[in-house]
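Please examine the model shown below alongside its sequence. The paragraphs that follow begin with strand pairing and then turn to individual side chains.

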Amino acid sequence: MDHGLRPESASEAERVRELAKRLGIRFYLKKIDNLSLGPEGLEAAARTARYSALTALAHEASATAVATAHTRTDQAETLLLRLFRGAGPGALAGVRRRRALAPGVELLRPLLDVPRAATEAYCRAQGLDWIDEPHNADPARARTRIRALWSQLLELNPRLEEALAGAAELFAQEDELLNALAQRSANRHPALQRRALLLAANEAGLRPERHHLEAILHLLDRGEGALDIPGGGSAVVKFERRRSPHPPPTEVAIPAPGRYQWGARVLEVAGSSGEGVEVDVTEAPFPWTLRGRRPGDRFRPGGGRTKKIADLLIDAHIPKDLRDELALLADAKGRVFWVEGLRPSAACRSGGVSFRLLPEMKPSDGPLPSRRRHESRSATMDPSEEPR
């Protein structure tokens, strides 16, 4: 990956090409042109562009996995950074050993148990030189300042790196458990409530901080209020679980992006990535059909198995009196690719189209403010200032 941020990066890429040739392995190069900087800063912008480019390279190479060289040292530094920021349990899991990079491509970190010093010692023993990224010595970076303090921290615990990496591994296991419990359990324990909100926010492209989650729980108890969430917007709404006085029609045809009425609700489909759920139209082609569920309907939520929708709604603990009011979307071939209240299918991924189904709400006494805000880093979600 050549981020193109330094004049010497092109020559460094050629050094890697020569190394690959000497080792007898295939070499792929991707240069990131016109890096788009946003309010989140250079580090986050470079990371987003890097993983997008790695996905393209994986497809070019017909690879099912991409491995990065993050070490145990990187993991320990990441955990410390997130602790300093007051991170929640999801973020404290640190750099994940494996996760989906794109459909059919997995991201792996096989060196998370290996200290950085060991990788450098191996390179010296094998006569392999390496390039030190000047950016990693920039004192403006919090990670660089942690490295400067590392020798003093080791006085408190000589095995600090091992201890922090081990803690991240435990956090990762507990994070998986909480996710599973939040998806399957109707338990009202606050920890599971927060986790269920995190999962729902993640699917909607939102990045709530810990105080946002507490505020959402308060709103749910109170029934109304206003809230501004990173990655989303703010609005004044009234929550009320009730049967709609205007039953939705049997079905509505959705031939293209636009705004469609469905009973007392509105489906907004945008011809670009935006708020709501994104859809790959090569996987779920138009025309779509917006309708309620029918006997025998089947659906495969992302990461799950194909089952009857009725059974999936039961598994999700959705109250029986609400199930007939939930919406679903089917594609041109009649395949259900989204069901309200369930995890979206694999077709719901970046693909140039997005949609949102607006809930039926009681208008407030005043205006409904709505403002879009750029994504920000979150203390509760994945990842921030990833090592390079």
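In this predicted model, strand S3, residues 105-108, pairs with S2 through four bridges in the antiparallel sense. Within this pairing, Val 105 of S3 is the bridge partner of Ala 102. In general, the strands of a sheet pair through backbone hydrogen bonds, in either a parallel or an antiparallel manner.

The wider arrangement is an open sheet of three strands, ordered S1-S3-S2, with mixed pairing. Strand S1 (65-67) and strand S2 (98-102) are the edge strands, each of which pairs on one side only. On average, and with direction ignored, neighbouring strands of this sheet are turned by 30° against each other. Helix H2, comprising residues 42-60, packs on the sheet and touches S1, S2 and S3. The direction of helix H2 makes about 75° with that of S2.

Attention may now pass to the cysteines. How many disulfides does a search of the whole structure find? The search returns zero. Two cysteines may be considered by their accessibility. Cys 348 counts as buried because its relative accessibility, 17%, lies under the 20% cut-off. Cys 123 has a relative accessibility of 21% and therefore counts as partly exposed, since this value falls between the 20% and 50% limits.

A further residue to locate is Gln 173, which is found in helix H7 (residues 160-184). Its relative accessibility is 46%, so Gln 173 counts as partly exposed. Although Gln 173 and Ala 93 are 80 residues apart along the chain, their C-alpha atoms are separated by 8.0 Å.

Notes: Residues are numbered from 1 along each chain as its sequence is written. This is a predicted model: local features need pLDDT of at least 70, side-chain atom pairs count only at pLDDT 80 or more; totals for chains, interfaces and linings use all residues. Side-chain values use heavy atoms; hydrogens and water are left out. Two strands pair if DSSP finds at least two bridges between them. Helices (H or I, at least four residues) and strands (E, at least two) are DSSP runs, numbered from the N terminus. Axes are lines fitted to C-alpha atoms, for helices over the stretch in contact, and angles run from 0 to 180 degrees between N-to-C directions. Contact means heavy atoms within 4.5 Å. A disulfide is a pair of cysteine sulfur atoms within 2.5 Å. Buried means under 20% relative accessible area, exposed over 50%, partly exposed in between (1.4 Å probe, protein chains only).
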